[in-house]
Amino acid sequence: MARKKLSAKAWAEKPDTGFVQTVVKIPDDVEEFSPKKEGTYRIDIIPYVVPDKSAAGPNPNAAPGELHYERTFFIHRDIGVDEQRYVCPKRTAGKPCPICEHRKEIMEDPNGDEDLAKALAPKQRQLWNVFDHEEPGKGVKVWEVSYHLFGKQLKREVMHADEDDGYEYFADPEEGMTLRVGMEEQKIGKNSFLEAATIGFKPRTKALPKKVLDGAHPLDNLIIIYPYDKLKTIFLHEEGVDAEGDEDERPVKRDEPKKTKAVTADDKGIGKGDDVAWKGQEWTVLKITGDGESLTLVNNDDEDLIKKGVLVEDVELPGNGEEDAGPTKEGGDSEPTAGQSSTKKEENNGGSTASKDDSVEDDDWDADW
Ligand SMILES: [Zn+2]
């Protein structure tokens, strides 16, 4: 019988950065700017001519044909069994979005799950053309970054500058400035990420060379928007419609055969929105799989900490008088939880200096780990 050869081609072609291109299509010959460690980065933001038509809809901050320096767009996180990021067609391009529709239903339902609605909120991001002084030979790179980790800080600097500082012209091809960006590591829960903690402006000594200017990418055209139906299919997988998808996600406990009847949420009287104890911490049930056997939990002390595929039999409703049943050692199948509870979430909404210049809704703190 003919056998299909085992191929590693698909795996080999996946970018090593773990960056699967579901959000932005970076051409093969273009480098991404992606600071990996703390330090000072000297970059020029290279302006580009906003294209006439873009599948990602009009640039919200500039008209077609104008010289501009960024493209704002929105994504949904942790979508589908692969927990991928996808561009929100609604906030980005004014097209229908199955995820936003689902979120609206939850918000209109008096018993709707607020935490899930929050998790599904579109997050603001930006694309920038970057000339990286560290690697001048690499041409104009593309930087895809959360608004809250760079753009917001840049905006603040421009807004609070004196007129004669000229910061507002930072992206001007002739009289622009080199940005000195101090990236610092921030930590929330188990996630760490780099944030532009300081931005300095240095007037360039000469105009940008034509070669660099010509290397700017039409940022609007790089954004990937999935067709409605495709996005809906991907999204619903996670919602338990496809039981097999859920099955794959669930951790299998070594010490018991898969086929034994598992404890379901119904058996324990656990419902969506209930508080439960798991691994010695308090959690809220965000989701229950179709078969009722596993849960998605959000940590009550750190709402960015979400655990999927937690078996119902491993959690307890508080006040069941079985305190010793939960946090035992034998679980051992997921990340250590020690230390997480010590990291408080008091710095949400963009850190200590978050201010009124940012619109409220959907402006949740949006780390880019
Ligand atoms: Zn959306």
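# A tour from an exposed loop to the nonpolar core

Begin by selecting Glu-83, which is exposed because just 12 other C-beta atoms lie within 10 Å, and a residue counts as exposed at 12 or fewer. Keep in mind throughout that the model on screen is predicted. Glu-83 sits in the loop between E4 and strand E5 (84-87), and its phi is positive, at about 50°, although Glu-83 is not a glycine. As background, most residues other than glycine have a negative phi.

Now select the two strands on either side of this loop. E4 and E5 form a hairpin with four residues between them, and in the turn you will find Gly-80, whose phi is also positive at about 75°. The two strands run antiparallel and are joined by three bridges; to see how they face each other, show His-76, which stands opposite Tyr-86 in E5.

While the hairpin is in view, pick Asp-78, which belongs to strand E4 (residues 70-79). Asp-78 has a phi near 55°, a positive value in a residue other than glycine. Is Asp-78 buried or exposed? Neither label fits fully: Asp-78 counts as partly exposed, because 15 C-beta neighbours lie inside 10 Å.

Next, move along E5 to Val-87 and display its surroundings. Leaving aside residues up to four places away in sequence, Val-87 touches Val-23, Phe-73, Phe-74, Ile-75, Thr-92, Ile-223, Ile-224 and Ile-225. Val-87 is also one of the residues with the most contacts inside the largest nonpolar core, a set of 66 residues in which Ile-45, Val-276, Leu-295 and Leu-297 are listed alongside it. Where does this core lie with respect to the domains? Colour domain 1 (24-230) and domain 2 (246-253 + 262-331) separately: both give residues to the core, so the core lies between them. In soluble globular proteins, nonpolar side chains tend to be buried together.

From the core, Ile-45 offers a way to the next stop, since Ile-45 is among the residues that Phe-170 touches; the others, again not counting residues up to four places away in sequence, are Gly-176, Met-177, Leu-179 and Phe-201. Phe-170 is located in the loop between helix H5 (151-159) and strand E8 (177-188). Despite this loop position, Phe-170 counts as buried, because 25 C-beta neighbours lie inside 10 Å. Draw a distance from the C-alpha of Phe-170 to that of Pro-47: the two residues are 123 apart in sequence and 9.9 Å apart in space.

Then turn to an open sheet of four strands, ordered E10-E11-E12-E13, with antiparallel pairing. Its edges are strand E10 (275-278) and strand E13 (306-311), each of which pairs on one side only. The twist from one strand to the next averages 50°. Within this sheet, strand E12 (residues 294-299) runs antiparallel to E13 and is joined to it by four bridges. Select Leu-295, which stands opposite Val-310 in E13 and which also appeared above among the core residues with the most contacts.

Finally, zoom out to the whole protein, whose secondary structure comes to nine helices and 13 strands. Of the 369 residues, 31% count as buried. Among contacts between residues at least 6 apart in sequence, 63% join residues at least 24 apart.

Conventions. Residues numbered from 1 in each chain as written. Predicted model: local features only at pLDDT ≥ 70, side-chain atom pairs only at ≥ 80, totals over all residues. Buried ≥ 20, exposed ≤ 12 C-beta atoms within 10 Å, placed from the backbone. Contact = placed C-beta atoms within 7 Å. Pairing = 2+ DSSP bridges. Axes fitted to C-alpha atoms, helices over the stretch in contact; angles between N-to-C directions. Core = buried A, V, L, I, M, F, W, Y, C linked by C-beta atoms within 7 Å. Domains from an automatic or database assignment.
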